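I opened this model with two topics in mind, the contact between the chains and the pairing of strands, and I kept notes as I went.

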Amino acid sequence: MAGTMKRDYSLVGESTRRAIETGLASAEWYHTDVSRKAMKALMQRSDSPAIRDTIIWIGAILGSAAGGIYFWGTWWCVPFFFVYGVLYASASDSRWHECGHGTAFRTRWMNDVVYQIASFMLMRNPVTWRWSHARHHTDTIIVGRDAEIAVMRPPDLLRAVLAFTGILDFRYSLPTLVRNAFGNISPDERSFIPEMELPKVVTAARWHVAIYVATIAVALYMWSWLPLVLIGLPRLYGTWHMVLTGLLQHIGLADNVIDHRLNSRTVYMNPISRFIYWNMNYHVEHHMFPMVPYHALPRLHELIKHDLPEPNPSMWHAYREVWPVLLKQLKYEDYFLKRELPPTAQPYRGEFHDVNISAAAE
Amino acid sequence: MADWVEACAVDDVEEEDVIRFDHGGRTFAIYRSPDDEFFATDGFCTHEKAHLADGLVMDDIIECPKHNGRFNYKTGQAKGAPVCVNLQTYPVKVEAGKVMIQIA
């Protein structure tokens with residue numbers, strides 16, 4: 001069982017070997033039954049919702065940036081940069097995500113353009129992260145396989161809190177881009193990026209680094225922080241909303257299981273957060289059916305909620321629920337929150353999981 | 001010698017859709033394009049083992065349901081990450097309301 005050995009979160013270590021040996025890697029996952037007709041309707045792509053949302057997003061970015069620039073040097077610039085930062089460094093995460101899946105727009109080039117812009121805003125190598133996210137969907141929260149486990153066990157709570165400031169991401173992302181720009185690709189990265197894609201990793205990193213160098217040059221020329229407050233530093237001061245919403249996706253739930261109902265969380269959120277997050281609060285639904293665009297997730301939720309755990313009614317509720325679990329994991333890392341299923345749901349199939357159910361919080 | 005095998009009836013596949021066809025221990029995907037032509041490819045994505053018949057057909061593209069990898073189902077061409085390997089395609093003909101595919 002998972003509880004008998006320490007978790008190794010590297011992608012080339014003992015947990016990796018074990019996940020492959022036990023069949024947890026690239027496994028067949030549970031899916032709620034949905035008719036082909038209904039799924040086909042849900043999967044349909046449309047440009048209009050994402051064009052509308054992108055116009056609002058870009059418009060709000062430009063508007064808040066204009067306000068911040070206009071009031072630069074006074075305290076009045078703070079609320080403008082507060083908005084700008086969230087749009088730049090948090091809303092970009094959901095745009096990166098949806099466009100990476102290719103589900104936001106029907107037209108491919110639109111997905112690609114927004115994906116590249118959002119990747120830059122996030123300091124994410126667009127090639128590396130496309131592959132890491134594919135792995136995240138293949139092996140969601142499988143220790144040693146999933147490159148995107150945000151809170152490992154035992155949880156580092158200081159690290160989790162610091163994540164809201166963006167400092168840790170910044171310290172990881174920027175050196176990674178520079179390292180990639182010099183052609184250095186780590187063993188972990190090589191474990192999920194095909195050989196033929198590696199040159200693209202280097203090229204993308206060089207473009208990103210070049211833009212940051214140009215921004216620094218402009219800042220020095222102007223002898224002002226303003227260019228960096230607009231490009232780069234939002235990754236520090238605007239990340240908090242991405243972390244606030246994104247941490248809830250899987251934190252405190254089971255690992256090493258092949259049923260997204262056990263390791264992912266759906267949380268009802270306010271409409272502003274849902275706009276910023278592009279409906280990724282329906283996270284069980286997204287993982288179970290990643291072909292469904294963000295704007296159709298509420299409909300998918302209504303269709304399959306009889307088979308899913310009760311969603312958390314708010315972010316506050318979800319964090320209150322998960323906090324004691326994290327505290328307990330400090331001493332007993334196998335402990336996790338087991339999501340209860342409604343009587344209408346298909347039961348969890350324990351024989352397909354590696355998790356020690358006796359360790360679960362009921 | 002390649003054999004022609006009956007895969008399905010014409011009406012089994014909706015326009016701009018795909019169905020799964022299993023034969024001889026292999027899995028195929030049978031497509032009906034928006035302009036009412038039929039095509040056939042291997043049934044599994046070349047990236048990871050996912051049934052393409054659960055995916056989405058848009059114009060001449062099949063998108064894999066697992067990672068949204070995209071192929072041109074008419075030519076089998078992989079259209080970018082996370083799919084890098086082309087899909088095997090098979091000749092198709094329609095006879096007496098039946099879709100036939102030629103399997104090597």
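The entries below record what I looked up in this predicted model.

**Entry 1, the contact between the chains.** I began with the two chains and found that 17 residues of chain A are in contact with 14 residues of chain B. I then asked which elements of chain A give two or more residues to the side that touches chain B, and I noted α2 (36-43) and α7 (126-138) of chain A. Of these, α7(A) supplies the largest share, with five residues. Sorting that side of chain A by class, I obtained seven nonpolar, six polar and four charged residues.

**Entry 2, strand β3 of chain B.** I turned next to β3 (residues 26-32) of chain B and asked how many of its seven residues are buried. Five of them are, so I wrote the strand down as largely enclosed by the rest of the structure.

**Entry 3, the pairing with β2(B).** I followed β3(B) to strand β2 (residues 17-23) of chain B, with which it pairs in the antiparallel sense over seven bridges; for Asp17(B), I recorded Arg32(B) in β3(B) as the bridge partner. The hairpin of β2(B) and β3(B) has two residues between the strands, and I noted that Gly24(B) takes a positive phi near 60 degrees there.

**Entry 4, the pairing with β4(B).** I then looked at strand β4 (residues 38-42) of chain B, which pairs with β3(B) in the antiparallel sense over five bridges, and I listed Ala40(B) in β4(B) as the bridge partner of Ile30(B). In the hairpin of β3(B) and β4(B), five residues lie between the strands, and Asp36(B) in the turn has a positive phi of about 65 degrees.

Note on methods: Residues numbered from 1 in each chain as written. Chains lettered and ligands numbered in written order. Predicted model: local features only at pLDDT ≥ 70, side-chain atom pairs only at ≥ 80, totals over all residues. Contact = placed C-beta atoms within 7 Å. Nonpolar A, V, L, I, M, F, W, Y, C, P; charged D, E, K, R; others polar. Buried ≥ 20, exposed ≤ 12 C-beta atoms within 10 Å, placed from the backbone. Pairing = 2+ DSSP bridges.
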